[in-house]
Amino acid sequence: MPKVSVIMPVYNVASFVGQAVRSVLDQSFTDFELLIVDDCSPDNSIAICEAFGDNRIRIIKHRVNRGLAGARNTGIRHAEGDYLAFLDSDDFWDTDKLTLHVQHLDESPYLGISFSRSAFVDEQGVPTRFYQMPKLTDITPEHLFCRNPIGNGSAPVIRRAVFEQIGYQSCFQGEPEIRYFDSELRRSEDIECWLRIALQTGWTIAGIPQPLTYYRLNAGGLSAVLDKQLESWEQVASVTAGYAPTFVAKNYDHAKAYQLRYLSRQAIRLGDGYASVALFRQSLNASKRPLSEEFGRTLTTGIAAHILRMIPNFYRIIERSASLSIGWIQRRKIAQDIAS
């Protein structure tokens, strides 16, 4: 039995999947299997995967497209490892990703989810010198609902025992199946799952300071579809309210404000000044909690959104100047956290 099962859903990613697979096969930790779930990909993505010819690769084919959550569920059901790692096929990993997560989990028996920081890369896979810099410890359900420190679906490595605890019976095309991610959700299914783990189990969630996941900023990806992101977050809130109504009622307005602020920052990255301003103002109307708890970050978001909308050329000049210092500050913080 392998120690780790790596689960990679594949659908229409011929431009990226080779780099993703190679980053797994090049891991310094070698006791793993790579489960590639072909979600009825219409391009030659699977042919690229098959060309590697590594006996640690297993390819599982869907008869119909199930979406990201459905593909992850298929991978979990076929996995043999004690730890399950997830990699979206347009992202890739640092060579020490599995080594450090296995060490983190082995040393912490109550840790259910180990996640890493992530480095942003552009569509060509070139690092942007920016990082996701979430809180790494003391992750509460309230914090997850507002901010999702795990950040993306390629960051966590999770104990099999966690999924055994949250799995639920369902049915697909007349056949019974166990689900872990909610496959009725086509977006934000990872956030829903992490939140369910935090609310329904006693496992802890913690991150390690190294940026071990390379997260691709793909303008055509799900995370770039701003008009659908808020809708998907609302669906997560609705699903969660089904089993934790008091929790959702208490935290809904604040969490929505944080989600809208996040979407405003996404709009800024995409260069859409009008959307970024509209989303920022909606955030303030939902709750002032982000302003009181994270004044500097919230104020910076608002200023950047308004400058981008009113003087886009000036904003791009400021962005180029600021990016150097922001990247330097983030790298310094990462180095300090690793050293401590």
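Start with Val 37. Its bridge partner in strand 3 is Ile 60. This is a predicted model, so keep that in mind throughout. Strand 2 and strand 3 pair in the parallel sense, over five bridges. How does the chain get from one to the other? It leaves strand 2, passes through helix 2, residues 45-50, and arrives at strand 3. That β-α-β crossover is right-handed.

Now the other neighbour. Val 37 in strand 2 also has Pro 9 standing opposite. Pairing between strand 1, residues 4-10, and strand 2 is parallel too, and here there are seven bridges. Strand 1, helix 1 and strand 2 form a right-handed β-α-β unit. Helix 1 covers residues 17-25.

Stay with strand 2. Which way do its side chains point? Phe 32, Leu 34, Ile 36 and Asp 38 go one way. Glu 33, Leu 35 and Val 37 go the other way. In a regular strand, side chains alternate between the two faces of the sheet. Buried or exposed? Every one of those strand 2 residues is buried, Glu 33 and Asp 38 included. Strand 2 spans residues 32-38, and seven of its seven residues are buried, so the rest of the structure largely encloses this strand.

Next, the second largest pocket. Its volume is about 260 Å³. How many residues line it? The count is 14. Nearest the pocket centre are His 62, Arg 63, Arg 66, Thr 74 and Phe 172. Which elements give two or more residues to this lining? Strand 3, residues 57-61, is one of them. Helix 3, residues 67-78, and strand 10, residues 175-179, are the others. So strand 3 turns up again: it pairs with strand 2, and it contributes to the pocket lining. By class, the lining has six charged residues, four polar and four nonpolar. If you plan to look at this site, those are the classes to have in mind.

Last stop, Ser 188. Where is it? Ser 188 sits in the loop between strand 10 and helix 7, and helix 7 runs 189-200. Its relative accessibility is 11%. Buried means under 20%, so Ser 188 counts as buried. What does Ser 188 touch, leaving out residues up to four places away in sequence? Ser 232, Trp 233 and Val 236. Take Ser 232. Along the chain, Ser 188 and Ser 232 are 44 residues apart. Their C-alpha atoms are separated by 6.0 Å.

Technical notes. Residues numbered from 1 in each chain as written. Predicted model: local features only at pLDDT ≥ 70, side-chain atom pairs only at ≥ 80, totals over all residues. Heavy atoms only, no water. 1 Å grid on protein atoms, 1.4 Å probe; cavity = no way out; pocket = protein on both sides within 12 Å on 5 of 7 lines; lining within 4 Å. Points joined across faces, edges and corners; volume = space filled by probe spheres on them. Helix = DSSP H or I, 4+ residues; strand = E, 2+ residues; numbered from the N terminus. Nonpolar A, V, L, I, M, F, W, Y, C, P; charged D, E, K, R; others polar. Buried < 20%, exposed > 50% of the residue type's maximum accessible area, 1.4 Å probe, protein only. Pairing = 2+ DSSP bridges. Right-handed = clockwise from strand over helix to strand, strands pointing away. Contact = heavy atoms within 4.5 Å.
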